[in-house]
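Reader: I am new to looking at protein models, and I would like a close look at one part of this one. Could you walk me through how one helix packs with its partners, and what spaces lie around them?

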Amino acid sequence: MTAQALKIMGTPRDKAPEIELRGDPLSGDRYWSREFMEKEWERMWTRTWHIGGLVSELPNPGDFITCKLGRESILISRARDGAIHAFYNFCIHRGNRLVQTERGNTPYFRCTYHGWAFDNEGVLRGVQNPEDFPGSNPCGKNKLKEIRCETWGGFVWYNMDENAPPLAEALDPVYDQLLPYNMDKMVRVLWLTAEADCNWKIIHDNFNESYHLPTIHPELNTFIEDSYKQCQFDMYANGHNRMLMPGGQPAYSSRNCDIPQAPLTDMLAYWDLDPARFEGRAREAREALQQQKRKLGPSRGYLHYVDLSDEQLTDYYHYTLFPNTSLTMSSDGFQVLRPQPHPTDPEKCIFDHWFFVPVVEGQTTVETPVGPRPVAPAAHEVFRHGDQSLGFVADQDLSVIPGQQQGLRSRGYTDSLLSGQEARIRRYHEVLNDYLEGRR
Ligand code: FES
Ligand SMILES: [Fe+2]
């Protein structure tokens, strides 16, 4: 259902009620201990909802994808009746990995070991010597081990916990708040995955604060407000949070906050606004851009603007979903930034960076965090962190990870000394502790 059908225009900006922090220390072991990593796996990762892939990767019956989370591989399949199923990716005969590829289309998943065949609903359909099994032929009576699976936002989500709440409840209130962006209609034009040398939480903590913007991303203050005093922060009961950052104007902290600079000058010019008009009053650019995008957007193919509020036409709504998915929403695309746990090493992680754009008639290429890319589903690029760019801003974020991973290893480190605007970091670890210590 589109946001329009729900009669929503834009995302509500209601400030969430304050959540009091307990003050749990951000202990060092959580970033390097194997024991902590195991506990996370058993008590948190296996009980929370995760994105397995895109609905658009499974347009036809027989289509399948596989994805990884830590030591697990999950097989997601579109059955003949159109339903999407998720299974642990192993063969129930002797436990062999069933599907070794990332995607494809097949009527049967055939195990490479003894040749057992399963249909798209996971039902066993063929074995060698069926008469040789105790009882009777095992076909039709046995299935792959199925797990919970739902769709939202154009993503397929899975959960290994059969008692987990439904996805809508688990994502509340984000589930409704992000509807106006119509994420399910966007195209993933960038699909990067890098193995990085740090615990997954080091990267995720970074997405839970904007205190590092002036030092790590000084360029951003030419068009994004980076002061906590101008941003809105909301924390929700189930662990998710958001940060609303005004965009389309220089930050107050910017040295030349009254003179428009690139890329703001390019944004203004693109929307037929003369940057010279804003010299001495660059902070008026935001409202002018909102009005111009509202006025010219639809005739230029930006039909999706109709569902967004004026503020959303310029601002950045940055969501952090528990446990590890960050979504940076803008009117012209959104990013998924997701550090995943490494299968065996707590001091490594697997970092995904995806970028999605709306389809705008006549637009064949778009600017992405790594430069221009065609408006078409991207191929998966997998590499080691450092071998290739993850995008200018993500490269800046990840530039600090070796130093932080080393420092948090020190026997002298016991906790972080956080500012008020970094409360989301502590809150996140407190929700994680709730899982690990049996309160969730
Ligand atoms: S392990 Fe799959 S058929 Fe034997
Ligand atoms: Fe950053």
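Author: Happy to help; here is a walk around helix α10 and its surroundings. This is a predicted model, in which local features need pLDDT of at least 70 and side-chain atom pairs count only at pLDDT 80 or more, while totals for chains, interfaces and linings use all residues. Residues are numbered from 1 along each chain as its sequence is written, chains are lettered from A and ligands numbered from 1 in the order in which they are written, and side-chain values use heavy atoms, with hydrogens and water left out.

Two packed helices are described by the angle between their axes and the distance between the axes. Helices here are DSSP runs of H or I with at least four residues, numbered from the N terminus. Axes are lines fitted to C-alpha atoms, for helices over the stretch in contact, and angles run from 0 to 180 degrees between N-to-C directions.

Start with α4 (residues 200–207), which packs against α10 (residues 423–436) at about 135°, the axes being 9 Å apart. The pair is therefore oblique, the word for angles that are not under 35 degrees (roughly parallel), over 145 (roughly antiparallel) or 65 to 115 (roughly perpendicular). On the α4 side, K201, H204, D205 and F207 make the contact, and on the α10 side R424, I425, Y428, H429 and L432 do; contact means heavy atoms within 4.5 Å.

Which residues line the second largest cavity? They are W200, K201, H204, D205, Y428, H429 and L432. A cavity is a set of points, on a 1 Å grid over the protein atoms alone, where a 1.4 Å probe fits but cannot get out, and lining residues have an atom within 4 Å of a point. The volume of this cavity is about 50 Å³, a volume being the space filled by probe spheres set on the points. Helix α4 gives the largest share of its lining, 4 residues.

Now turn to α1 (residues 34–43), whose axis comes within 9 Å of that of α10 and crosses at roughly 75°. That makes α1 roughly perpendicular to α10. Here F36, K39, E40 and R43 of α1 meet L432, Y435 and L436 of α10.

Helix α1 also supplies the largest share of the lining of the largest cavity, 4 residues. That cavity has a volume of about 70 Å³, and its lining includes M37, E38, E40 and W41.

Terms used:
Helices (H or I, at least four residues) and strands (E, at least two) are DSSP runs, numbered from the N terminus. On a 1 Å grid over the protein atoms alone, a cavity is a set of points where a 1.4 Å probe fits but cannot get out, and a pocket is an open set with protein on both sides within 12 Å along at least five of seven lines; lining residues have an atom within 4 Å of a point.
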